[in-house]
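Subject: Handing over the structure

Dear colleague,

Here is the structure I promised to pass on to you. Please open it first, and then read the notes below alongside it.

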Amino acid sequence: MQSFRSEIENPVVEKDIIELADKIQLFHEGKIDEEKFRSLRLARGVYGQRQFGVQMIRIKLPYGKVTSEQLHRISDVSDEYSRGRLHITTRQDIQIHHVSLDRTPELWAELEKSDITLREACGNAVRNVTASETAGIDVDEPFDVSPYAHAVFQFFLRNPICQELGRKFKVSFSGTDADTALSFMHDIGFIAKSKTIDGQEVRGFKVMIGGGLGSQPRFADVAHEFLETDKIIPYMESVLRVFDRFGERSKRAKARLKFFIKSVGLEEFIAIVDQEVKALSHQSVPIDTNGFETPDVSHISAPKVQIADTESFEQWKNLNVISQKQKGLFAIGIKVNIGDFYTKEARILADLIKNYAGNELRFSLRQNILIRHVREDLLPFFFQELTKLGMVDLGYEKIQDITACPGTDTCNLGIASSTGIAKELGRVLRAEYPEFANNSDLMIKISGCMNACGQHNMANIGFQGMSVKSGKLVAPALQILLGGGILGDGKGRISDKVIKIPSKRGPESLRMLLNDFKTNGSGVKFLDYYQSKGEKYFYDFLKPLSDVSSLEEIDFIDWGNEAKYEKAVGVGECAGVVIDLIATLLVDSKDKIGNAQDSLVAGKYPDAIYFAYSSIVNTAKALLTAEGKKTNTHNKIISDFNEFFIKGEKIDLGADFEQFVYQIKANDPSEAFAISYLEDANKFYELIETYRAAEVVSA
């Protein structure tokens, strides 16, 4: 722990990392509850792996942006603490695997030297803020959404209103109506819009609310057709405050925002959100767009190269190179098979973007790399250098570019291999269907389980890892989903679950689908073709593949494996609900009072108020837990505590508990109220501590 204390310049970050190191030590000593420790480490990007004794580390990269210096730092960390492999996620993060828990604080400290964080990359918090990877260079965009995505990331990082939500919370920014950041499947999705008001251009966003995939996918509702840019952070803060108070905390399967909106209805949800306005830290948050200008690359020179295979070069330019809206500049798409690449290639890429481009690349939501700000005359040089790295495969963001989560490779929740089948399907596409190389209307996505990290249930052709019984034996299987996709401007389609087949028949199912489409769907998009034919049509011709009466030995070995398949699903940590012990809850409450005091001293009055609120609710939860009462939501905790302890005359607070707590909604977040509310939180904690001590003695 001492090795990194003096190397971290930001005291907030230093405190965070030291806290992780201290809690790891307490965990090893058996002094901290395992479930509470899990919550803490997940909020710091440390995720338990399928393999015993090692962790997956998720590196949070807002809107997928990485500089040369950051990519070198990530590569150094991967080599030192892991195995040199980098995995791009469908949320524009980087994951590294097989890291020792004890080394995670040191690893985090190394990343922070290049302004890279792990904070809230996992757990029940605001996850990585994603955005169109072409933001800032797209010829169709009304404006660059990058500054707005960055502002949202900064505002809510470590913000007390979203540290212990009922479930994860996902945000995206799409630069155009093409909606490439998939606003319709996010808790909040923003789509860039522009209006002319009184002769002036006004920037804003269409706001989508309450989307999500998983086992019960739901497309988002339209919350605002146009919300001006200075209102997006206040709106999101209101939503998070409501979600924190009303969000389910015990039933994990019902804990996402989409379920709360479904239960109360969109109109009622909007009314509840509007009631939070008075309590907001800011009614308007103007967003600074400086620092996101196009870099000057006019001075760059590179060695002259002679392209021997001009046909391959022209194909590459046609399929993998994008014209930017900045005249004379181009972006180069690199197709990364299932999102995996290695530090050797990463370091060379880092040097290329620094010396010959704009020192920036972005990871895409389809697990690829986009190098930006390359002059046209340097494209031959980049083609030559990327060819040496094996990074010129054709079909960037096209059908051959299959999305897949890690599945049973490393994830506890994986049921069947997603990476193994993805590699095989990719091989089939390249070898047997080269005519589809330029098809961007067909998306294939694969998840290893129902949680949809590979976004299978919004794919044109999706596969979900499952298992199937054949007598007393169990074989790996795939659910085939068809007909999902992006329609644009916040609209989309959920895939239909068509049929389940043994995994080893996955390649044949793809052949049958593509052969049928080639024969009968000429000239139309696959989505339209699927809609015209209907689910039963596809079920009927795929049905023979579902027969499990004559499985062979090979069918019981999953893709990418040698051993016989064994279904082994562990405890998922994507957003696991943590049920705390009573003592741990009270310790947490005291910690939150300390955090409130620190925020008050620092002049951060809204933070101080929210920490005090969290302490009060947490303390009430401790007593209700001791009584065996359900504590599913903050709202229920507050009402039940009022009914059972205050109106039941077990505790004399001298006030109605609901009014006592909800002062937070009725007052401006001023210094005077912050001081008063913190005093109330302290008094309440002391009152409950005294009550609890008396109860323990009498017992």
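Two rings of Phe, Tyr or Trp, the last represented by its six-membered ring, are taken as a pair if their centres lie within 6.5 Å. In this predicted model, one aromatic cluster is formed by Tyr 433, Phe 436, Phe 517, Phe 526, Tyr 529, Tyr 530, Tyr 537, Phe 538 and Phe 541. The structure holds 38 aromatic pairs, and one of them is the edge-to-face pair of Tyr 529 and Phe 538, with 6.0 Å from centre to centre and 90 degrees between the planes. Tyr 529 is buried, its relative accessible area being 3%, and Phe 538 is buried as well, with a value of 0%.

A further pair is made by Tyr 610 and Tyr 613, whose ring centres are 5.1 Å apart and whose planes stand at 50 degrees, so this pair is tilted. Both of these tyrosines are buried, and because they are 3 residues apart in helix α18 (residues 605-626), about one helical turn separates them.

To place these details in the whole chain, it may help to know that the chain has 22 helices and 22 strands. Its radius of gyration is 26 Å, close to the 27 Å given by the globule rule for 699 residues, so the chain is as compact as a globular protein of that length. The C-alpha trace spans about 80 × 70 × 55 Å along its principal axes, and buried residues make up 60% of the 699 residues. Of the contacts with a separation of 6 or more, 70% are between residues 24 or more positions apart. The accessible surface comes to about 27900 Å², and 48% of this belongs to carbon and sulfur atoms.

Next, I would point you to an open sheet of 5 strands, which has the order β3-β14-β15-β12-β11 and antiparallel pairing. At its edges stand β3 (65-66) and β11 (321-323), each of which has a single partner strand, so one side of each is left without a neighbour in the sheet. Helix α10 (residues 310-320) packs on this sheet, where it touches β11 and β12, and its direction makes about 60 degrees with that of β11. Strand β12 (residues 329-334) is joined to β15 by 5 bridges, the two running antiparallel, and the bridge partner of Leu 329 in β15 is Arg 375.

Strand β15 (residues 369-375) also contains His 373, a residue other than glycine whose phi is nevertheless positive, near 65 degrees. Most residues other than glycine have a negative phi, which is the reason for mentioning the point here. His 373 is buried, with a relative accessible area of 3%. Glu 397 is another case of a positive phi in a residue that is not a glycine, at about 60 degrees, but Glu 397 is found in the loop between α12 (379-388) and β16 (403-404). At 17% relative accessibility, Glu 397 counts as buried, because the cut-off for that word is under 20%.

Helix α3 (residues 34-42) has as its buried residues Lys 36, Phe 37, Arg 38, Leu 40, Arg 41 and Leu 42. These pack against α2 (11-28), β1 (46-48), β2 (55-59) and α17 (582-601).

Finally, there are two acidic residues that you may wish to look up, Asp 288 and Glu 432. Asp 288 is found in the loop between α9 (266-274) and α10, and with a relative accessible area of 52% it is exposed. Its C-alpha atom is separated by 10.0 Å from that of Asp 230, although the two residues are 58 residues apart along the chain. Glu 432 has its place in helix α13 (residues 419-432) and is partly exposed, with a relative accessible area of 34%. Once its neighbours within four places in sequence are left aside, Glu 432 is in contact with Arg 427 and Arg 511; Arg 511 is 79 residues away from Glu 432 in sequence, yet the distance in space, C-alpha to C-alpha, is 8.8 Å.

With kind regards

Methods: Residues are numbered from 1 along each chain as its sequence is written. This is a predicted model: local features need pLDDT of at least 70, side-chain atom pairs count only at pLDDT 80 or more; totals for chains, interfaces and linings use all residues. Side-chain values use heavy atoms; hydrogens and water are left out. Helices (H or I, at least four residues) and strands (E, at least two) are DSSP runs, numbered from the N terminus. Buried means under 20% relative accessible area, exposed over 50%, partly exposed in between (1.4 Å probe, protein chains only). Two strands pair if DSSP finds at least two bridges between them. Contact means heavy atoms within 4.5 Å. Axes are lines fitted to C-alpha atoms, for helices over the stretch in contact, and angles run from 0 to 180 degrees between N-to-C directions. The radius of gyration is taken over C-alpha atoms; the globule rule is 2.2 Å times the number of residues to the power 0.38. Accessible areas come from the Shrake-Rupley method with a 1.4 Å probe; for residues, only the protein chains shown count as cover. Rings of Phe, Tyr and Trp (its six-membered ring) pair if their centres lie within 6.5 Å; planes under 30 degrees apart count as stacked, over 60 as edge-to-face and the rest as tilted.
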